[in-house]
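I opened this notebook to record what I looked up in one structure. The entries cover charged pairs, strand pairing and surface exposure.

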Amino acid sequence: MPGSENTDPFVVDDPFSDKIRQLAETGLLCCLQCSNSCGIVDYAARICPECAGPLEIIESKGAGEIYSFVVFHTKYAPEMDPPYTTIFVELEEGCRLSALLEDDGSGPPAIGDPVKFDRSQDGKVWFRLSRN
């Protein structure tokens with residue numbers, strides 16, 4: 001339907017998005033796993049990227065490491081006051097997702113820093129550093 005497109009850059013609509021967002025809002029981070037024998041895990045696929053098989057929602061441990069990151073010093077999102085950090089997380093399950101990093105005052109993150117799922121709020125997934 002014209003005019004009904006989602007304009008929020010943080011929200012991607014696909015067959016699993018609503019359910020995954022609802023679960024994340026309750027504190028449960030989930031991924032998608034292929035129902036076929038290949039078992040590939042992904043975060044935003046619509047079909048298995050390996051065998052084109054169907055996917056099912058599985059619970060993630062919510063732990064991973066920073067694969068990449070960027071610190072924004074300009075206000076791109078109206079509800080986000082800069083500076084804020086967007087990270088690309090590689091979860092222990094093997095899939096990657098984009099998220100926001102909670103500023104804990106410990107300084108800038110580094111690639112490879114361990115992170116843990118913190119919360120999902122207003123469709124945005126937040127992680128926190130879990131370095132010792």
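Entry 1, terms. I took a residue as buried under 20% relative accessible area, as exposed over 50%, and as partly exposed in between. The model is a predicted one. I applied the cut-offs to Lys61 first in these notes: its relative accessibility is 59%, so Lys61 counts as exposed.

Entry 2, salt bridges across the structure. How many salt bridges does a search of the whole structure find? I noted eight. The entries below treat some of them.

Entry 3, Lys61 and Glu92. I looked up the partner of Lys61 and found a salt bridge with Glu92, in which the closest N and O atoms are 3.8 Å apart. That separation satisfies the criterion, because a salt bridge requires the side-chain nitrogen to lie within 4 Å of a carboxyl oxygen. The pair links distant parts of the chain, with the two positions 31 residues apart in numbering. Glu92 lies in the loop between β5 (84–91) and β6 (96–101), whereas Lys61 lies in the loop between β3 (55–59) and β4 (63–72). Is Glu92 buried or exposed? I recorded a relative accessible area of 52%, so Glu92 is exposed.

Entry 4, Lys75 and Asp81. I recorded a salt bridge between these side chains at 2.7 Å, N to O. Lys75 is partly exposed at 43% relative accessibility, while Asp81 is exposed at 57%.

Entry 5, Glu79 and Lys124. I found that these side chains meet in a salt bridge at 3.0 Å, N to O. Here too the pair links distant parts of the chain: Glu79 belongs to the loop between β4 and β5, and Lys124 to strand β8 (residues 124–129), 45 residues apart. Glu79 has a relative accessible area of 46% and is partly exposed. Lys124, at 8% relative accessibility, counts as buried.

Entry 6, a network. Which residues are linked in a network of salt bridges? I listed Glu102, Asp118, Arg119 and Arg128.

Entry 7, strand β5 and its partners. I asked why β5 is described as largely enclosed by the rest of the structure. Six of its eight residues are buried, and the description follows from that. On one pairing, β4 and β5 run antiparallel and are joined by eight bridges; Glu65 stands opposite Glu90 of β5. On the other, β5 and β6 are also antiparallel, with six bridges, and Val89 has Leu97 in β6 as its bridge partner. The hairpin of β5 and β6 has four residues between the strands, and there I noted that Gly94 takes a positive phi near 105°.

Entry 8, the three-stranded sheet. I found an open sheet of three strands in the order β2-β1-β3, with antiparallel pairing. β2 (41–42) and β3 stand at the edges with a single partner strand each, so one side of each is left without a neighbour in the sheet. Strand β1 (residues 30–34) pairs with β2 over two bridges in the antiparallel sense. I looked up the partner of Leu32 in β2 and recorded Asp42.

Entry 9, nonpolar surface. I noted a nonpolar surface patch of about 250 Å², made by Phe69, Val71 and Ile111. Phe69 is placed in strand β4 and counts as partly exposed at 30% relative accessibility.

Terms used
Residues numbered from 1 in each chain as written. Predicted model: local features only at pLDDT ≥ 70, side-chain atom pairs only at ≥ 80, totals over all residues. Heavy atoms only, no water. Buried < 20%, exposed > 50% of the residue type's maximum accessible area, 1.4 Å probe, protein only. Patch = residues over 30% accessible without salt bridge, like charges linked within 9 Å, V, L, I, M, F, W, Y side chains within 5 Å. Areas by Shrake-Rupley, 256 points an atom, 1.4 Å probe, with all protein chains shown as cover. Pairing = 2+ DSSP bridges.
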